[in-house]
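Let's take a walk through this fold together, looking at how some of its helices pack and at what lines its main pocket. Please have the model open as you read.

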Amino acid sequence: MHTTLLPNTSAKPISAIGVGVMPFSRPGRTIDEAVSVLHYCLNAGITLLNTADVYAPSAAEMGHNEIVVREVLNQWNGDKSKIIVVTKNGIVRTGLDWNRDGSKDYLLRAAEKSVANLGFVPDLILHHRIDRSRPFAEQAKAMAAVHQAGFAQRIGFSNVTSAEYDIAQEETGGIVSAIENERSPRFRDHTDVVERCERDQIAFLAWSPLGGEKDAKDLGSFFPAFNEVAKHLDVSAQMVALAWLRTHSRVVIPIPGFTRISTAQDSIDSTELVLNSDQIEFLNASPAGDGSVYPD
Ligand SMILES: NC(=O)c1ccc[n+]([C@@H]2O[C@H](COP(=O)([O-])OP(=O)(O)OC[C@H]3O[C@@H](n4cnc5c(N)ncnc54)[C@H](OP(=O)(O)O)[C@@H]3O)[C@@H](O)[C@H]2O)c1
């Protein structure tokens, strides 16, 4: 599989797509399913696994998805030194409520727990979502403290605007190493963030690249232009979407989620799909969707 080295993000080459591990913490999912699908991906050359402490079947099980990643890697016989693990902290859950805590104390404690859940220091810890109750600059500095404490090899931010990106780089002394923002046929904002990532040669991890768990299977009917190109090329609309996202910059790494080998393979096949300039222009000009899958 095609890989790219973005030295400001990782010392290891990043595969053209990563995998979002989130679905394996939905209630009812088993570790055996995660092992089967994720080993398939790792064996196919995917090198980036995306998780978060908050991906868990319930509030009481915070860290569940990180433990899934640990188990999957423990049971894998391949070269683990090539795998990039990205996790995220800063969303808190109490019962059915989801909130945010961007305080330095919390982010340090959460990062320490992530290291314990994973069983190793992750390549990247990202600040998951801005805590709107406190200044962002303070939260950015807190992430620098997470890095300084040795809980992550590198740090980054998720769900930030370009103005927030600038603040994050300023407040951390320029060590922001990855961004994880939504980007898909449905949601095409934050091109200015992609441009900053390209300028700084850091990864832009595109989350919900197929429009999210509920709508992904119907991507072709929601976005007919993608269907049209897919029919012409005799591939799936989802393959076209993943290949199209990658045309926006070499730093854009889609991180689809999947729970089946067939959808994993289809997504992996997208890394070999090359769209021509007419197709790219046609898709870029096609209408986007109704906004974010998970609005801020
Ligand atoms: N930073 C953030 O705030 C944030 C927010 C949301 C998500 N994320 C990350 O982004 C990852 C992906 O997002 P997501 O799961 O919400 O949405 P998504 O990747 O857009 O969609 C996931 C769905 O796509 C289906 N799928 C995958 N590949 C396919 C293919 N080639 N053909 C047809 N269907 C396909 C999967 O089906 P099957 O299950 O049937 O295989 C799954 O239901 C998450 O796992 C998480 O790591 C981050």
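## Helices H3 and H4

Helix H3 (residues 104-118) packs with helix H4 (residues 136-148) at an angle of about 35°, and their axes lie 9 Å apart. In this predicted model, the crossing of the two is right-handed.

Which residues of H3 and H4 meet? From H3 come Lys104, Leu107, Leu108 and Ala111, while H4 brings Gln139, Ala142, Met143, Ala145 and Val146. Sorted by class, the residues of this contact are seven nonpolar, one polar and one charged.

## Helices H1 and H2

Now turn to helix H1 (residues 31-43) and helix H2 (residues 64-74), whose axes are 9 Å apart and make an angle of about 60°. An angle of that kind makes H1 oblique to H2. As for handedness, H1 passes H2 in a right-handed crossing.

On the H1 side, the contact is made by Ile31, Ala34, Val35, Leu38, His39 and Leu42. Their partners on H2 are Val68, Glu71, Val72 and Leu73. Taken by class, the residues of the contact of H1 with H2 are eight nonpolar, one polar and one charged.

## Helices H8 and H9

How do the axes of helix H8 (residues 224-233) and helix H9 (residues 237-246) cross? They do so at roughly 105°, coming within 8 Å. Angles from 65 to 115 degrees count as roughly perpendicular, and H8 and H9 are therefore roughly perpendicular to each other.

Here Phe226, Asn227, Val229 and Ala230 of H8 meet Ala237, Val240, Ala241 and Trp244 of H9. The contact of H8 with H9 has seven nonpolar residues, one polar and no charged.

## The largest pocket

Let's finish with the open space in the model. The largest pocket has a volume of about 1,100 Å³. It is lined by 44 residues, and those closest to its centre are Met22, Ser208, Gly212, Glu213 and Tyr294.

Which elements each supply at least two residues of the lining? Among them are strand E6 (91-94), strand E7 (97-100) and helix H10 (261-269). What is the make-up of the lining by class? The lining of the largest pocket has 18 nonpolar, 14 polar and 12 charged residues.

Methods:
Residues are numbered from 1 along each chain as its sequence is written. This is a predicted model: local features need pLDDT of at least 70, side-chain atom pairs count only at pLDDT 80 or more; totals for chains, interfaces and linings use all residues. Side-chain values use heavy atoms; hydrogens and water are left out. On a 1 Å grid over the protein atoms alone, a cavity is a set of points where a 1.4 Å probe fits but cannot get out, and a pocket is an open set with protein on both sides within 12 Å along at least five of seven lines; lining residues have an atom within 4 Å of a point. Grid points are joined across faces, edges and corners, and a volume is the space filled by probe spheres set on the points. Helices (H or I, at least four residues) and strands (E, at least two) are DSSP runs, numbered from the N terminus. Ala, Val, Leu, Ile, Met, Phe, Trp, Tyr, Cys and Pro count as nonpolar, Asp, Glu, Lys and Arg as charged, and the others, Gly among them, as polar. Axes are lines fitted to C-alpha atoms, for helices over the stretch in contact, and angles run from 0 to 180 degrees between N-to-C directions. Angles under 35 degrees count as roughly parallel, over 145 as roughly antiparallel, 65 to 115 as roughly perpendicular and the rest as oblique. A crossing is left-handed if the near helix is turned anticlockwise from the far one by less than a right angle, and right-handed if clockwise. Contact means heavy atoms within 4.5 Å.
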